[in-house]
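Trainee: Hi! Could you walk me through this structure before I head back to the bench?
Mentor: Happy to, let's have a look together.

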Amino acid sequence: MTEVSRSKLLKGAGWVSAATVAVNALGIVSTIILARLLLPEDFGLVAIATALVGIIGVLTEFSLSKALIQHREPTDDHYHTAWTMNIIRAAIVGGVIAALGVPLSYFYEDARLAPIVWVLGFVCFIGGFNNPKMAVFQRELSFRQSFIMRCTSKLAGFIVCVPIAWIYQSYWALIFGVLATETAVLIVSYVLIPFRPRLTISEYRELLSFSIWLTLAKWVQAVNWRAQPLVYGYVLPSSLIGQLSLSGKLMGNTIEQATSPVRAMLFPAFSRLQDEKNRLRLGYIRSQGTICLITFPIAAGLAVMAEDIVLLAIGDKWLPAVPLMQLMAITRIIKAGQNLGPVAMATAHTKNLFHRDLRAFLIRWPLVLSGMYLGRGDPYTILIGGMLGEMGAACANGYLNMRLIGSITPITVADHVSFVWRPLIAILTMVAVLHGLSGLAPAPTLTPIAAVLKILTLAGLGALVYPLVLYALWVIGGKGDTVEKECAGILKDIAAKTLIKIRPAAREG
């Protein structure tokens with residue numbers, strides 16, 4: 001990696017990290033407040049509605065922003081075409097979603113679903129007017145604008161939803177929070193990069209030639225992943241769907257957000273290396289190895305401390321979410337070992353993404369439904385069975401994805417194993433230590449202050465054990481040029497630059 005590239009990526013990672021910290025903090029605070037004020041049933045109701053809207057939205061998405069990023073020299077006509085096509089799509093989709101409000105309420109025998117879906121249909125319509133020029137910043141690896149966008153929109157949603165929840169204690173807080181977030185995205189997108197779009201579809205063929213397979217892949221993804229609340233909601237009570245929804249939110253605000261600084265740069269960075277296979281391989285190993293180094297300890301730590309965190313932050317009415325969070329954490333660790341998407345898009349192998357998602361669907365749902373069937377009799381065991389099926393599917397699809405990556409790049413299964421085995425051993429050691437100590441002070445017996453001290457102690461101990469084990473494994477392995485060494489070098493560079501900036505300020509003070 002050249003010094004210029006590293007500097008640009010570090011600067012981009014800095015902005016994405018800043019946005020992650022801010023958005024993550026707001027997300028955690030918002031989730032905790034809403035979980036305290038609302039009922040699990042409220043979260044479940046909204047999860048069912050948003051699942052339907054999400055599926056319809058994805059089924060009509062053209063992935064035009066990805067086509068603009070991958071395009072070597074997009075013109076204004078490409079941006080105008082993308083804007084026009086997005087508006088047409090949003091108008092149609094918004095109308096379809098609104099029309100399905102009443103049928104959905106009849107299907108689930110809950111009249112509250114209809115007005116929720118109507119509002120979400122309007123939200124979808126608003127999203128079609130977003131500024132397509134925002135793709136310019138991703139193309140240039142400039143993430144300061146992403147920082148502003150994410151923080152502003154998240155803050156808007158927070159400002160709207162929390163007061164409504166506080167005053168009315170209604171599920172409408174969640175819906176109007178979504179509306180405020182989408183409105184803020186629309187406004188800020190044109191503030192960050194002024195653009196006067198006009199109606200045209202002159203470049204639609206070129207844009208669709210890249211995005212068509214991404215579109216088909218997203219169709220399968222929509223049915224594969226977003227249909228989960230709809231399927232579970234048909235056989236399980238909405239309160240249990242709420243437990244599942246909140247578990248996903250807590251995991252999303254930690255694991256996903258923690259790795260977003262790296263993930264956000266993969267596709268644009270890999271696009272620059274699409275013709276340099278060896279550099280692409282090395283870049284993938286470094287970036288994916290870094291994601292594993294971050295994801296593994298966070299997921300494992302959350303799994304160990306889930307009960308303490310739930311009891312302290314949101315109360316015992318959410319205790320059924322604890323095993324769900326632990327299963328989600330394990331599944332995310334399994335999925336973190338590979339990442340086909342950015343590589344396939346950067347090298348224009350988008351057809352492979354469709355094949356991956358179709359295969360994932362054919363593997364995942366039979367296992368999920370089998371798990372639900374084996375857990376039949378009790379609603380909670382049905383849900384646990386389905387989640388165990390998802391875990392099994394993650395294992396099978398993860399291995400097959402590694403094989404698929406190897407078919408389009410020089411990245412082999414052995415390359416994946418090379419950056420996974422050390423952090424895996426490190427987190428297993430960390431979990432053994434933390435689990436043993438956690439049992440000495442059971443969560444239900446602790447006062448709030450004692451619970452805080454316990455969580456901080458376990459987190460600090462985990463932050464000590466994990467890197468020590470990694471270092472020991474690195475030394476035993478011969479101190480090679482590994483991902484851990486690369487990350488340590490980056491952290492050293494960041495620390496050095498920070499000290500250079502701090503020292504003059506200290507002298508002036």
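**Helix 8 and beyond**

Mentor: Let's begin with helix 8, where Gln-145, Met-149, Cys-151, Ser-153, Gly-157, Cys-161, Val-162 and Ala-165 are buried. Keep in mind that this is a predicted model.

Trainee: How many residues does helix 8 have, and how far does it reach?
Mentor: Helix 8 covers residues 144-168, which is 25 residues. From first C-alpha to last it reaches 36 Å, close to the 36 Å expected at 1.5 Å a residue.

Trainee: And what comes just after helix 8?
Mentor: Gln-169, which takes a positive phi of about 50°. Gln-169 belongs to the loop between helix 8 and helix 9 (172-192).

Trainee: Is Gln-169 buried, exposed or partly exposed?
Mentor: Partly exposed, because its relative accessible area is 49% and the exposed class begins over 50%.

Trainee: Which other residue has a positive phi although it is not a glycine?
Mentor: Glu-109 is one, with phi at about 55°. You'll find Glu-109 in the loop between helix 5 (101-107) and helix 6 (113-127). Glu-109 counts as exposed, because its relative accessibility is 74%.

Trainee: New topic: helix 13. What does it span, compared with a straight helix?
Mentor: A straight helix of 37 residues would span 54 Å, but helix 13 (residues 277-313) spans only 47 Å between its end C-alpha atoms.

Trainee: Where does helix 13 bend?
Mentor: At Met-305, by about 65°. Past the end of helix 13 there is Gly-315, with a positive phi near 100°.

Trainee: What does helix 13 pair up with through salt bridges?
Mentor: Two pairs are worth a look. In one, Asp-415 forms a salt bridge with Arg-281, with the closest N and O atoms 2.8 Å apart. That pair links distant parts of the chain, as Asp-415 is in helix 18 and Arg-281 in helix 13, 134 residues apart. In the other, the side chains of Lys-454 and Asp-308 meet at 2.9 Å, N to O. Here Lys-454 sits in helix 19 (residues 448-476) and Asp-308 in helix 13, 146 residues apart.

Trainee: Are Lys-454 and Asp-308 buried or exposed?
Mentor: Both Lys-454 and Asp-308 are buried.

Trainee: And Asp-415 with Arg-281, how do those come out?
Mentor: Asp-415 is buried, because its relative accessible area is 8%. Arg-281 is partly exposed, with a value of 22%; the buried class stops under 20%.

Trainee: Which other contacts bring helix 13 and helix 18 together?
Mentor: Take His-416, which is found in helix 18 (residues 413-438). The C-alpha atoms of His-416 and Gly-289 are separated by 8.2 Å, while the two residues are 127 apart along the chain. His-416 counts as buried, because its relative accessibility is 0%. Then there is Ile-285 in helix 13, whose C-alpha is 7.2 Å from that of Phe-419, with their positions 134 residues apart in sequence. Ile-285 also counts as buried, at 11% relative accessibility.

Trainee: How many salt bridges does the count come to?
Mentor: The count comes to seven salt bridges. Another of them joins Asp-77 and Arg-198, whose closest N and O atoms are 2.6 Å apart. Asp-77 is in helix 4 and Arg-198 in the loop between helix 9 and helix 10 (204-226), so the pair links parts of the chain 121 residues apart. Asp-77 counts as partly exposed at 26% relative accessibility, and Arg-198 does too at 41%.

Trainee: Switching to cysteines: how many disulfides does a search of the whole structure find?
Mentor: Zero disulfides. As for individual cysteines, Cys-124 counts as buried at 14% relative accessibility, whereas Cys-395 is partly exposed at 43%.

Trainee: Last one: which residues make the nonpolar surface patch?
Mentor: Ile-88, Ile-92, Val-96, Leu-100 and Ile-201 make a patch of about 410 Å². One of them, Ile-92, lies in helix 4 (residues 76-99).

Trainee: Is Ile-92 buried or exposed?
Mentor: Exposed, because its relative accessible area is 53%.

Note on methods
Residues are numbered from 1 along each chain as its sequence is written. This is a predicted model: local features need pLDDT of at least 70, side-chain atom pairs count only at pLDDT 80 or more; totals for chains, interfaces and linings use all residues. Side-chain values use heavy atoms; hydrogens and water are left out. Patches are made of residues with over 30% relative accessible area and no salt bridge: like charges are joined within 9 Å, nonpolar side chains (Val, Leu, Ile, Met, Phe, Trp, Tyr) within 5 Å. Accessible areas come from the Shrake-Rupley method with a 1.4 Å probe; for residues, only the protein chains shown count as cover. A salt bridge is a side-chain nitrogen of Lys or Arg within 4 Å of a carboxyl oxygen of Asp or Glu. Helices (H or I, at least four residues) and strands (E, at least two) are DSSP runs, numbered from the N terminus. Buried means under 20% relative accessible area, exposed over 50%, partly exposed in between (1.4 Å probe, protein chains only). The expected span of a helix is 1.5 Å times one less than its number of residues. The bend at a residue is the angle between axes fitted to the seven residues ending there and the seven starting there. A disulfide is a pair of cysteine sulfur atoms within 2.5 Å.
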